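Trainee: Could you take a close look at one part of this model with me? I would like to start with the surface and then follow you inward.

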Amino acid sequence: MDAIELRPIAGDTSEWARRVRELRTEEGFLILTHNDRADLKPGEYLLETAKPQPAFARGISKETRAFVLDRNGFTCQMCGAVAGEPHPYDPSRKTRLHIGHVIDKSLGGSDDATNLKAICSVCNEGAANITLQRPDLNKLFVQVRRATAADQRELLRWLKTKFKE
């Protein structure tokens, strides 16, 4: 089954990809993608069985999700990509943010806001059970000093607009 065949089943809405995720996560249908099976191409889907599995309850409330996104400035905490803008590592995609765990649930982490961070879909695809350290101030200074003068000026322009001073 490909995306064209799946659209009418998902409700033929403009948000059919979101609907597929809902069918998977909230209604329990086992719909596989290329992320699940290497023999599937992007845009191809496989409904493993028509019988839904028991659906799981969302562990993170909408309120907590909104709080974490706002706290993190609607910015990926791994790569710095901003929600809605073209992704710096894949400009063909707009940045979509998810909520990720600082300490993964499989390692005992909780769904408390203090253990959650905004993470983009690109970073989230390969982020299972890895936690990258944020650079400290000295490392940031080193990186800025290594950049070209033009990039340093662009960074300064961006900081001025971000903090509006």
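Mentor: Happy to! Please keep in mind that this is a predicted model. On the surface, Val144, Leu155, Trp158, Leu159 and Phe163 make a nonpolar patch of about 430 Å². The most is given by helix α6, residues 149-163, which supplies four residues to the patch. Leucine 159 is found in that helix, α6, and is partly exposed, with a relative accessible area of 32%.

Now let us turn inward, to histidine 87. This residue lies in the loop between α3 (62-71) and β3 (97-101). Despite the loop setting, histidine 87 is buried, at a relative accessible area of 1%. Leaving aside residues up to four places away in sequence, histidine 87 touches Cys79, Ala81, Arg93, Thr95, Cys120 and Val122.

One of those contacts, Cys120, brings us to the cysteines. How many disulfides does the structure hold? The count is zero. A disulfide needs two cysteine sulfur atoms within 2.5 Å. For cysteine 76, the closest cysteine sulfur is in cysteine 120, 3.7 Å away, so the two are too far apart for a bond. Cysteine 120 is likewise in no disulfide: its nearest cysteine sulfur belongs to cysteine 123, at 3.6 Å. As for accessibility, cysteine 76 is buried, with a relative accessible area of 2%, and cysteine 120 is buried too, at 0%.

Conventions:
Residues numbered from 1 in each chain as written. Predicted model: local features only at pLDDT ≥ 70, side-chain atom pairs only at ≥ 80, totals over all residues. Heavy atoms only, no water. Buried < 20%, exposed > 50% of the residue type's maximum accessible area, 1.4 Å probe, protein only. Helix = DSSP H or I, 4+ residues; strand = E, 2+ residues; numbered from the N terminus. Contact = heavy atoms within 4.5 Å. Patch = residues over 30% accessible without salt bridge, like charges linked within 9 Å, V, L, I, M, F, W, Y side chains within 5 Å. Areas by Shrake-Rupley, 256 points an atom, 1.4 Å probe, with all protein chains shown as cover. Salt bridge = Lys/Arg side-chain N within 4 Å of Asp/Glu carboxyl O.
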